[in-house]
Amino acid sequence: MFDLPDSWVWDYWFADDGDRYHLFFLYASRALHDPEARHYRASIGHAVSTDLVEWERVADALVRGEAGEFDDLATWTGSTVRHPDGTWFLFYTGSTRAEGGKNVQRIGYATSTDLVTWQKAPGPVLEAAAPWYETLDSGDWHDEAFRDPWVFADPDGDGWHMYVTARAPEGPVEGRGVVAHAWSADLRDWELREPVSTPSENGFGQLEVTQVEVVDGRPVLLFSCLADHSMPARRGARAGTWAIPAESVLGPFDVDRAEPLTGEDLYVGRLLRRREDGQWLLFAFRNVGPDGAFVGGVTDPMPVSWVDGRLVAETPVAATAS
């Protein structure tokens, strides 16, 4: 697994340059003592691997911005894609101090020619807005959720799509989590669109760190949500990562069809297709150990397959305290 002895590691994502795999990850010093304090001390680290098991840490990708910028409080989870002209785009979540300490999240990006040296674009490119998305002034949630951008090319060549963790302005408070949607022709300018899922009495307060892939011919949406942030009907599963089978990577996604993929010990499940044999693999970060304490660190890969219409992972790695 990928772990750091002096820092907590949690949310992460991958890029594949055709030669090496790149792991981008959030980390913060264990000198904070309280793992909950890590969120506002996060930097985006970077490691590389040829086999998805042994990782070499390289220079960090991004840190939070200067005072007054949209990401001056924190830089959080995102995704990395390559434009046809060869430019790499790293989309990420920015949180700012400007709203009086309130957690308002927006989406920005940085670019690179080599996946190593990144230049931030000025300002955010997307934020939550009516009529489709709940904003902080509703008072119904602990933050203005608009984070974790997942960007992918349109399957028919019509630009690019972005899915974002967000909330609808109506519906049961703990079931308002939706997958926000935006579209771009060039990865730089984005048009906010209506969500590709709807609130549900059997749903979730937030669908964190979404990812959509076609696994062995079947589209599937992954997201993460713990029991405390879901409707009562979902809490008994004690799950971390969930999977929704779909007809298309463009949705719509029926949250009522969500099935657990991992227990709550593993969070932020990510899929990656191994280049050498086409095998789809699941990764996750170790969320809690047997004592209920936060652990951190990204697991080794776990093969996944479809069983009776449900995506399952082989031999999940148990979370252990460190």
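How many cavities of 30 Å³ or more does the structure hold? The structure holds one. This is a predicted model, and the enclosed space in it is a good place to start.

The largest cavity has a volume of about 30 Å³. Phe204 is part of its lining, together with Cys225, Leu226, Ala227, Ser230, Arg234, Arg235, Arg238, Ala239 and Trp242. By class, six of these lining residues are nonpolar, one is polar and three are charged. Rolling a probe the size of a water molecule over the atoms shows where empty space is left.

Open space is next. The largest pocket holds about 820 Å³. Its lining counts 33 residues, and Glu36, Arg38, His39, Glu208 and His229 lie nearest the centre. Which strands each supply at least two residues of this lining? They are β1 (7-16), β5 (74-82), β10, β14 (208-215) and β18 (266-273). The lining of the largest pocket divides into 14 nonpolar, nine polar and ten charged residues.

The second largest pocket has a volume of about 510 Å³. Here 24 residues form the lining. Nearest the centre of this pocket lie Thr80, Trp150, Gln211, Glu213 and Leu272. At least two lining residues come from each of β1, β5, β10, β14 and β18. The class split for the second largest pocket is 17 nonpolar, two polar and five charged.

Now the chain as a whole. Its secondary structure comes to one helix and 21 strands. The C-alpha trace spans about 50 × 45 × 45 Å along its principal axes. A compact globule of 322 residues would have a radius of gyration near 20 Å, and the chain has 18 Å, so the two agree. Of the 322 residues, 55% count as buried.

One sheet brings β10 back. Four strands form an open sheet in the order β10-β11-β12-β13, with antiparallel pairing. β10 (146-153) and β13 (191-193) stand at the edges. Each has a single partner strand, so one side of each is left without a neighbour in the sheet. From one strand to the next, the twist averages 30 degrees.

What joins β10 to its partner, strand β11 (residues 160-167)? Six bridges do, in the antiparallel sense. Within this pairing, Trp150 has Tyr163 of β11 as its bridge partner. Trp150 is also one of the residues nearest the centre of the second largest pocket.

A hairpin offers another pairing to follow. Strand β20 (residues 302-307) and β21 run antiparallel and are joined by four bridges. Ser305 has Val312 of β21 as its bridge partner. Two residues lie between the strands of this hairpin, where Asp308 takes a positive phi near 55 degrees. Which residues make up the covered and uncovered faces of strand β21 (residues 310-313)? Leu311 and Ala313 make up the covered face. Arg310 and Val312 make up the uncovered one. Val312 thus carries two roles here: bridge partner of Ser305, and part of the uncovered face.

The backbone has further details to check. Most residues other than glycine have a negative phi, and most peptide bonds are trans. Asp308 has already been met, with its positive phi near 55 degrees. Leu115 has a positive phi too, near 70 degrees, and is not a glycine. Leu115 sits in the loop between β7 (105-112) and β8 (119-120). Is this loop residue buried or exposed? Its relative accessibility is 1%, so Leu115 counts as buried. The cut-off for buried is under 20%.

Asp216 also takes a positive phi, of about 50 degrees, although it is not a glycine. Its place is the loop between β14 and β15 (218-224). β14 is one of the strands that supply at least two residues of the lining of the largest pocket.

Which peptide bonds are cis? One runs from Ala130 to Pro131, with omega near 5 degrees. Pro131 is found in the loop between β9 (126-127) and β10. Another cis bond runs from Gly251 to Pro252, with omega near 0 degrees. Pro252 has its place in the loop between β16 (241-245) and β17 (259-260).

Definitions and conventions
Residues numbered from 1 in each chain as written. Predicted model: local features only at pLDDT ≥ 70, side-chain atom pairs only at ≥ 80, totals over all residues. Heavy atoms only, no water. Pairing = 2+ DSSP bridges. Axes fitted to C-alpha atoms, helices over the stretch in contact; angles between N-to-C directions. 1 Å grid on protein atoms, 1.4 Å probe; cavity = no way out; pocket = protein on both sides within 12 Å on 5 of 7 lines; lining within 4 Å. Points joined across faces, edges and corners; volume = space filled by probe spheres on them. Nonpolar A, V, L, I, M, F, W, Y, C, P; charged D, E, K, R; others polar. Rg over C-alpha atoms; globule rule 2.2 N^0.38 Å. Buried < 20%, exposed > 50% of the residue type's maximum accessible area, 1.4 Å probe, protein only.
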